[in-house]
Each structure stands twice: as C-alpha cells, then as structure tokens.
Amino acid sequence: MTDRAWLRGLPGTENWRKILPVREGWGADEKYEIYTHTGEHLFLRASSDACTKQKYGEFAFVQRCQGIGFVTPKTIACGMHHGRVYQLLSWIEGELLSREIIGMPESEQYRFGQEAGRALAAMHSVMLEPSELAETDGLVQRRKRTILNYMSSRHRMAGDDSVLIFIAEHVTQPKRIVGLHGDFHLGNLVLTPDGNLAVIDFDRRCVGDRWQDFQRAQAFSVPHSTAFVNGQLHGYFRGDPPDEFWEAFAYETAYGTIEQILWAIPFGENMIGKMQENYVRAMRDFRGFLPCEPPAWYEPI
C-alpha cells in the first residue's frame, strides 16, 4: 500500500471531510490533521506494526495523563489497520510555545516555565502498571552501546575523553522510576487560545529515571529561553532543586549530547552540525561537566 490507501476502511473515515499531512517533526510516524463533517478536529498518527507494543503503551499513558491538571490530547481510538498501528487523538488548538515565547517578557517566559514544570511533575505522578517496570531492563546495556557507537563514529567531538569517562561512570539503572514523556521541551508544548499550556507528542514516551525528562531542556529549550527553563525547574521542584539533582542533570545532559549526534547522522551534515553545537553549548554551560554544579544559566530562587 502506498500513500493514503491504507486509510480505506479505517473506522470513522466516513465522517472525515478533509485529511492533511503533518510534516513537522522528525519521527518516522505518518501524521495527519483531520477535519470531520461534525466539526471535530483530530490528529491521526500511524506507525509500523513492529511498534505495536510501544504505541499501545504510549496511548495508554496519554489516557492516564488526562484529568491530572494539565492539557493533553484526548484519546479517541488505537488499533491495527492494514499493517499499521494507529492512534486517533483530538487536535490541540494553538501555537507551539517555541514560537510564541519569542518576544515575551522574561517574567512571562518564567511563568510558562513554572506551568510546564508543574505539568511534568504531575505526569511523573501517574501510576505505572507492574508490567511497565520491565521497560527499564537492558537500559544500561543500551546506553553503553550508544557510547561505543559514538566512540567509533567519525563525528566525535575534540577533547571528549573526559566527558565519555564521566558518562561511563554514571551509567546505572534508574533510581526514581516513572513514566516519561521522553521529549519534553518548548517544541512539544502548545499555547492554547485561552492561554493554557498543553503537552503534545508523546511518541518518545518510555519508562526511566524521572530526572531524565530534563535532558531535552538543555538542548532544545535553553537556546530559546533560560527564563523558561529556570521556571520549569522551580515549578517542578516547588523551589530550588535538591543538590543530588545537579549530578543527575549533568549526566543526562552529557549522555543526551552524544546520543543526539548519533541520532542526527541519517539527517545529514547540517543536522549533525546543530547537534554538535548543542554539545559545545552544554560543555560551556556545565563547565565540562566537572564538578557537577548547576549550569551557568541557572538562577536560584
């Protein structure tokens, strides 16, 4: 099947009046914006059936995140159709916060950061099913493979030996296990028309250490607004983070920088260069990751 042929016979399609492809984002999923004859605005995401377990887990997690104090897409349907696993969700109206935050007063950027931090804390309070705890099995081995793949790549950063040693010394099983968004940053937050913040794009949802969900803040939120990220930290912890957070944050950031360089390889030299710039920025902000202190942009309450 090619193009949209697989959509034929999908439950509910008889009520669809317009289907538009969604090309934003970097994942492999097919995504569509849908308008129905009855006035609904929907979002359809489809993946290979090889991702069935992951996608059912993602859908269930979004369901559990509803009604706990922040806006998420409403879950409508999840199933299999012509070799694909699909999710049908409500469309979140509004604009990406990464665009809207430009030009905002810093006090507003900080306020939205606080709101985002509280939303992330609420998400991390969602109970996991016992079977989901097994998702952390093999995490140490996966991260060690990532380190080895980076070390053998031609995209290593100059003088990275100390960073790799730091990462290797901190690779352990997660201690504070929760369900993670997996890609929590300004680009996956929407400012709704009524001024609320909504969390979208749970396609990297996983189970791991709760502080792992701050990994993308350094790479993808700090370049837009350090005021926002300060607010996110203060909102999440209801004040300054505890001392032990900073070592975990430094480790997750350091690991994230090399993982993102590898992730960028299929997208070409331009994207690789952007991820290498993230590495350089993180090295500067975290002072080479030793000692494990708050990054240079952090402002305590």
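Hi everyone. Before anything else, one definition: when I say strand or helix, I mean a DSSP run, with at least two residues for a strand and at least four for a helix, numbered from the N terminus. Also, please keep in mind that this is a predicted model.

With that in place, let me start with D201, which sits in the loop between β9 (197-199) and β10 (206-209). What caught my eye is its backbone: D201 is not a glycine, yet its phi is positive, at about 55 degrees. For context, most residues other than glycine have a negative phi. Is D201 buried or partly exposed? The cut-off for buried is under 20% relative accessible area, and D201 comes out at 22%, so it counts as partly exposed.

There is another residue to look at in this respect, H82. You'll find H82 in the loop between β4 (75-81) and β5 (84-90). Again we have a residue that is not a glycine with a positive phi, here about 50 degrees. H82 is partly exposed too, with a relative accessible area of 46%.

Now let's move to the strands towards the start of the chain. Strand β2 covers residues 30-36, and five of its seven residues are buried, so β2 is largely enclosed by the rest of the structure. What does β2 pair with? One partner is strand β1 (residues 16-21), which runs antiparallel to β2 and is joined to it by five bridges. If you want a landmark there, I19 faces I34 of β2. Another partner is strand β3 (residues 41-48), also antiparallel, with six bridges to β2. On that side, Y32 stands opposite L44 of β3. β2 and β3 make a hairpin with four residues between them, and in that turn G39 has a positive phi of about 90 degrees.

Last stop, the helices. Two packed helices are described by the angle between their axes and the distance between the axes. For helix α4 (residues 139-151) and helix α5 (residues 161-170), the angle is about 165 degrees and the axes are 11 Å apart. That makes α4 roughly antiparallel to α5, since anything over 145 degrees counts that way. Their crossing is left-handed.

Which residues make the contact? From α4 we have I147, Y150 and M151, and from α5 we have L164, I167 and A168. By type, the contact has six nonpolar residues, with no polar and no charged ones.

That's my tour. Thanks for listening, and I'm happy to pull up any of these spots on the screen!

Technical notes: Residues are numbered from 1 along each chain as its sequence is written. This is a predicted model: local features need pLDDT of at least 70, side-chain atom pairs count only at pLDDT 80 or more; totals for chains, interfaces and linings use all residues. Side-chain values use heavy atoms; hydrogens and water are left out. Axes are lines fitted to C-alpha atoms, for helices over the stretch in contact, and angles run from 0 to 180 degrees between N-to-C directions. Angles under 35 degrees count as roughly parallel, over 145 as roughly antiparallel, 65 to 115 as roughly perpendicular and the rest as oblique. A crossing is left-handed if the near helix is turned anticlockwise from the far one by less than a right angle, and right-handed if clockwise. Contact means heavy atoms within 4.5 Å. Ala, Val, Leu, Ile, Met, Phe, Trp, Tyr, Cys and Pro count as nonpolar, Asp, Glu, Lys and Arg as charged, and the others, Gly among them, as polar. Buried means under 20% relative accessible area, exposed over 50%, partly exposed in between (1.4 Å probe, protein chains only). Two strands pair if DSSP finds at least two bridges between them.
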